[in-house]
Amino acid sequence: MILVTGGAGFIGGNFVLDWIEELGEPVVNLDALTYAGNLETLASLAGDKRHIFERGDICDRALVDRLLATHRPRAIVHFAAESHVDRSIHGPAEFIRTNVQGTFTLLEAARAYWNSLEGEAKAAFRFHHVSTDEVYGSLGPDDAPFTETHAYEPNSPYSASKAASDHLVRAWYHTYGLPVVTTNCSNNYGPYHFPEKLIPLMIVNALAGKPLPIYGDGQNVRDWLYVKDHCSAIRTVLARGRLGETYNIGGWNEKPNIEIVRTVCALLDELRPSPEGSYSRLITYVKDRPGHDRRYAIDARKVERELGWRPAETFESGIRKTIAWYLANPEWVANVQSGSYREWVSTNYGERDTTGERA
Ligand code: NAD
Ligand code: TYD
């Protein structure tokens with residue numbers, strides 16, 4: 001079996017579902033169930049013995065030691081993190097605690113466990129660290145996409161904390177020989193995405209007739225990958241990635257934010273037309289995010305060349321599936337819109353004056 005951390009979050013939840021469906025191998029899922037963790041994402045696994053859920057904190061060394069000793073996993077896939085840039089601006093401490101201290105704790109627990117293994121089990125063990133393209137900083141309009149050798153230049157508390165965790169993972173390989181692999185992936189989208197991030201927020205707000213807040217001029221570029229493709233990339237790197245290596249994961253789908261939001265509106269106009277006219281009428285420009293990275297783009301040639309991984313979805317097919325999923329699952333959305341989520345909306349958007357521009 002494998003130990004997954006953060007498996008009740010967006011990508012971790014999709015990964016657990018995908019892993020059990022594709023491989024049928026049991027998963028121990030360690031998740032603290034912060035505001036971003038949601039067991040409803042895993043409702044289809046209720047009663048399935050291949051999913052063992054453990055509520056707990058990755059900073060709790062005794063708990064991690066106990067889980068490793070009890071379940072004896074062949075790999076750890078580490079997703080657990082604070083993941084939202086805007087939240088990291090309002091409150092960075094939790095990002096340092098979970099992303100840096102938590103990764104350190106896991107690495108130390110993994111090292112002790114790995115040292116206790118022998119023979120085949122020791123040789124086969126892997127620690128897979130799931131990271132982000134944001135550690136590389138921001139690209140200019142004509143810069144080449146990020147390769148694995150691009151300098152680390154994180155600009156937000158979130159990306160700085162993830163960069164720190166990547167460095168720890170690297171050091172545990174070089175110093176202690178811990179068998180690690182790291183993947184740095186571009187922006188994900190798809191089912192079960194918490195509606196604080198761009199794409200689900202736009203879908204949910206549009207359906208509720210609320211403004212669609214675009215930071216700055218809407219020309220910031222992100223590189224989008226359908227979450228199931230990220231899951232298949234992690235499976236591939238975990239199975240065949242070279243030890244100590246990092247692999248950049250992306251789908252060659254760079255788009256400015258305004259184009260993403262217009263695409264979401266156009267698909268909603270087609271699939272759930274509003275009597276009040278196109279959803280694009282709700283587009284509203286608001287004050288920019290401080291330190292807002294202008295452009296991310298991933299060069300995914302290494303994982304394509306070495307491991308033969310390629311995404312299955314284009315942006316067009318993936319975004320259509322995503323919108324269809326949100327339209328079919330209003331109860332999932334309603335249930336994540338808890339008290340803490342409502343507080344977040346007033347913290348983040350309450351102080352952001354609109355810039356007066358409409359779509
Ligand atoms: P998420 O915020 O949706 O989920 C994070 C999960 O971690 C939640 O279930 C939460 O309860 C859990 N968690 C938080 N703190 C914890 C702690 N101290 N102990 C145990 N569990 C804890 O995040 P996501 O978008 O699914 O991202 C998962 C990973 O992928 C993160 O490491 C993130 O940096 C990375 N990543 C995300 C993206 C993206 O576009 N979302 C892109 C590339 C990489
Ligand atoms: P987000 O989904 O928060 O991901 P990240 O900042 O990690 O890339 O944001 C994606 C882009 O969308 C980013 O450039 C910020 C922008 N954005 C908005 O314009 N409005 C919003 O309300 C949000 C949440 C994000």
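Here are some notes on aromatic pairs, charges over rings and the surroundings of ligand 2 in this predicted model.

1. Let's start with the rings. Searching the whole structure turns up 19 aromatic pairs. One of them is F146 with Y296: the ring centres are 6.5 Å apart and the planes meet at 45°, so this pair counts as tilted. An angle of 45° falls between the two cut-offs, since stacked needs under 30 degrees and edge-to-face needs over 60.

2. Where do F146 and Y296 lie? F146 is in the loop between β5 (126–132) and α6 (157–176), while Y296 is in the loop between β12 (283–286) and α10 (301–307), so the pair ties together parts that are 150 residues apart in sequence. Both loops are worth finding on screen before you go on.

3. Are these two rings buried or exposed? F146 is buried, at a relative accessible area of 0%, and Y296 is buried too, at 2%. They also have company: Y136 and Y152 join F146 and Y296 in one aromatic cluster.

4. Now take a look at Y326 and W332. Their ring centres are 6.4 Å apart and their planes stand at 85°, so here the pair is edge-to-face. Both Y326 and W332 are buried.

5. Some rings have a charge over them. R87 lies over the face of Y35, at 3.5 Å from the ring centre. For Y247, the charged end of K302 is what sits over the ring, 4.8 Å from the centre.

6. On to ligand 2. How many residues surround ligand 2? There are 18, and the closest are E134, R222, R289, H292 and Y349. Sorted by class, this shell holds eight nonpolar, five polar and five charged residues.

7. Which elements help build that shell? α7 (198–207) and β8 (212–215) each supply at least two of its residues. β8 gives the most, with three residues.

8. A few contacts to oxygen atoms of ligand 2 are worth a look. In the side chain of H292, an N or O atom is 2.7 Å from a ligand oxygen. The side chain of N187 has an N or O atom 2.9 Å from an oxygen of ligand 2. With L198 the backbone is involved: one of its N or O atoms lies 2.9 Å from a ligand oxygen. As for how covered the ligand is, ligand 2 has 510 Å² of accessible area on its own, and the protein covers 98% of that.

Technical notes: Residues numbered from 1 in each chain as written. Chains lettered and ligands numbered in written order. Predicted model: local features only at pLDDT ≥ 70, side-chain atom pairs only at ≥ 80, totals over all residues. Heavy atoms only, no water. Phe/Tyr/Trp six-rings, centres within 6.5 Å; stacked < 30°, edge-to-face > 60°. Helix = DSSP H or I, 4+ residues; strand = E, 2+ residues; numbered from the N terminus. Buried < 20%, exposed > 50% of the residue type's maximum accessible area, 1.4 Å probe, protein only. Lys NZ or Arg CZ within 6 Å of the ring centre and 35° of its normal. Near = heavy atom within 4 Å. Polar contact = N/O pair within 3.5 Å; in protein donor to acceptor, adjacent residues only side chain to side chain. Areas by Shrake-Rupley, 256 points an atom, 1.4 Å probe, with all protein chains shown as cover. Nonpolar A, V, L, I, M, F, W, Y, C, P; charged D, E, K, R; others polar.
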